[in-house]
Amino acid sequence: MGIKFNSLVHSGRSISKDMTASLVMFTLVVTTLISVFAYQTRSREMLGELHAKADAVISDTTSVLAVPMWNLDDQSVRMVGGAFAKNELIQELMISDAKGRILYSLTKAMPESGVFGREQGVVYNGQTIGNVQIAYSFENYERNKHDLLVMSIVSGLGAIIVIALATGMLLRIFLRKPLEALQLGARQVARGDYTCGFEGVTQLELVEIVEHFGEMSCEVESRERELQRVNIDLRRAERKYHGIFENAQEGIFQTTPEGIFVSANPSLATMLGYDSPGDLRQSVSDMENQLYFDPKDRKRYLTKLLKEGRVQDYELRLKRKDGSMLWVLLHAQVIRNSDGTVRMLEGSLMDITDRRRMEDELRHRALHDPLTALANRALCQDRIKGAVERGRRRDDYLFSVLFVDLDRFKIINDSLGHRFGDKLLVEVGRRLSDCVRELDTVSRYGGDEFIILLEELSSQRMAIQAVKRIREELRKTFALGDHEVRVTASIGIVMGGGDQQATPEELIQRANIAMHAAKESGKNRFKVFTPRMLDRAELVLTLENEMEPAIARGEFFLEYHPIIHYNGSSNLFGFEALVRWNHPTRGRLMPDEFIPVAEESGRIRDLGMWVLGEACRTISGWRQDVAGAGDLLVSVNVSGRQFSQVDLVDRVDQILRETGLPPDRLKLEITETAIMQNAEMAIDKLAALREMGVRISVDDFGTGYSSMSYLQRLPLDSLKIDLSFVRAMDDSQSNVEIVRAIINLAHTLGLEVIAEGVERASHRDTLHDLSCELLQGYYYSRPLSGENAAAFIKDFDRKG
């Protein structure tokens, strides 16, 4: 501000001179206007006088010529014409008679000032006898007008000079000296002397100015003191800011809009891998390509910054001097000039690379299985959702969802330990990933379940081919540590895309239904979903919901299938208790329609205990009321879920005591698969049941798998040959030999053999020849109600 003030002082003008010049200009303008007005007025008057003279001349001429022309005195006419022609203002004169005959004519040299004409007839006694024409000169008028102009100019200039001199003297006396006193006082104030006076100022207006100037001086003095204090604070703040700038953990910068560093602190240089701020400024000449990991990021950042003027919490990827990437959190603003143009960009950076790495890791953990590193359930559903959306947009888009469930994984997990099971899951995940393309998704959905999304398929055949590759890969031995295992999988397939409107959840549900259909059909298989599977699944769900109230309402009942001891003659050995469901709307349901549902839902525990209690009560009643029933035995099936119950032994003991049935009259039939799921636990549990006196039989022997070493250790009483083996005996002798081998094995282990599915006499005879002791099948009887079974006992007793 001081520089501008000084320049204003030295380049300013004097008030007195300005006022003098203004008055002179005013006088000049006024004088000029007056002179112009007077000049114009006088010019018009002189012009009028000239025309009046011309009119008088021509009037005098016609008057003088009237008598000579009436008398036809041409000589006199010429003498009059010559006399008037001597007038120096007349340039042309022509006299003619009434007939147009020219009596006198004179033409002088034409002046530069021009002429004007007059014409008038010669009248005598009221009769026009001739005509006079004259051309009158402007020369005298122009000369007089010129003289008038010169006089006006001279008089105006004289008046101006007189007024200027008088005004200058008056302003010097009454204005300049007081102003000089004011100027002297202002200079003293400018030098910091606020105590000066203004001597010689007496004019009222200037005194008022002096008073205001004094108030201003006091205010300036106050503000100067405040400014000094602020300057001190600013210097302190500057030193503090410099310290913060130099020692801040964040990188601080100022750059031109073109990307040239104006300033940078040490933290920024260190953050970007440079030795010093100077090294950073000298090394970086192309910020967009040298510092930005993706040059497009700078364009996006600048567009946003210049549009909004400020950015906060803006995340960017930058590039260090060595080329490595770092993530930064940017705060920046635009600094503009007074005209609105961008002067510079300034802001700060914080290195958030570790935070981003942690966020990426957390995001990866949130979307990936921690054990196998495959996509988890959430990511799987999101990917399927994306595939569904693409299928809705594109008519040619086809994809498939595979639901993969490992068979017998629980056995492996329980027998070899969870650590081995985890290793196996990791290896399975790796093999599944190797069987598909990079654009496909392999996810661990839970436990031993995997879901695979196959995208961009050209046909359903591609999905089947992928499944075949998976089965082929899983068929190979898994060598993990000291163990080698083989794994199979049941796979459900559902196709998606085209006009299909299924949701991701529905697709997964359908794939799961197809997988269970594959597992129920014998495991190590794959099934493609069909609408009938969904109907079946809905039926299963309905039955599951209806099962618990059905037990309470007594809708379940038992039928009894006779077991015959045959050694040439038939003797009634006992009955197998078989459960049925008298459904209120679906009618009579057989076990294969609801037992799997009960197994899967867990209802089998309550249902199984009810069957066991009902069978024991019935046999106990027959023993008391029906002749020939005293030594009969009842066989009751125990499912795998029932057998795994911790309190099974106690529940069996409680039922036997409540019903009064001797333990040796009860046989529990357990499938070899249920036993081998946890062989060690099975041995202990079966031993406890045998110790009570309960008989144990292995049901459907030959359909599962058994380790001979475990089979020898199991406390068993009998084996039941599955009906499929008995029926197959009709087909070939080799099948008969298989049955013979089973019977011989059982006898070697000291066990009785029961064969079910005996439907013809040939079956009975063949089995008798093979030394099979106990027979069961339609040849003897279909399953019987309790009442009919009691009658069957009486008939057998009478026949016996």
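**Close-ups of a predicted model**

**View 1. Strands E8 and E9 side by side.** Here E8 (residues 325-336) and E9 (residues 342-351) run antiparallel, and nine bridges tie the pair together. To pick out one of the pairings, find Leu 329 and look across to E9, where Met 350 is its bridge partner. Keep in mind that this is a predicted model.

**View 2. The whole open sheet.** Zoom out a little and you get five strands, ordered E6-E5-E9-E8-E7, with antiparallel pairing. The edges belong to E6 (261-264) and E7 (310-319); each has a single partner strand, so one side of each has no neighbour in the sheet. Going from one strand to the next, the twist averages 25°.

**View 3. Helix H9 packed on the sheet.** H9 covers residues 295-308 and touches four strands: E5 (251-255), E7, E8 and E9. Compare its direction with that of E7 and you find an angle of about 165°.

**View 4. Helix H10 across three strands.** Residues 353-367 make up H10, which lies across E7, E8 and E9. Against E8, this helix runs at about 125°.

**View 5. A nonpolar patch on the surface.** Phe 26, Val 30 and Ile 34 together make a nonpolar surface patch of about 290 Å². Ile 34 sits in helix H2, which spans residues 15-70. Is Ile 34 buried or exposed? Its relative accessible area is 54%, and the cut-off for exposed is over 50%, so Ile 34 counts as exposed.

Conventions:
Residues are numbered from 1 along each chain as its sequence is written. This is a predicted model: local features need pLDDT of at least 70, side-chain atom pairs count only at pLDDT 80 or more; totals for chains, interfaces and linings use all residues. Side-chain values use heavy atoms; hydrogens and water are left out. Patches are made of residues with over 30% relative accessible area and no salt bridge: like charges are joined within 9 Å, nonpolar side chains (Val, Leu, Ile, Met, Phe, Trp, Tyr) within 5 Å. Accessible areas come from the Shrake-Rupley method with a 1.4 Å probe; for residues, only the protein chains shown count as cover. A salt bridge is a side-chain nitrogen of Lys or Arg within 4 Å of a carboxyl oxygen of Asp or Glu. Helices (H or I, at least four residues) and strands (E, at least two) are DSSP runs, numbered from the N terminus. Buried means under 20% relative accessible area, exposed over 50%, partly exposed in between (1.4 Å probe, protein chains only). Two strands pair if DSSP finds at least two bridges between them. Axes are lines fitted to C-alpha atoms, for helices over the stretch in contact, and angles run from 0 to 180 degrees between N-to-C directions. Contact means heavy atoms within 4.5 Å.
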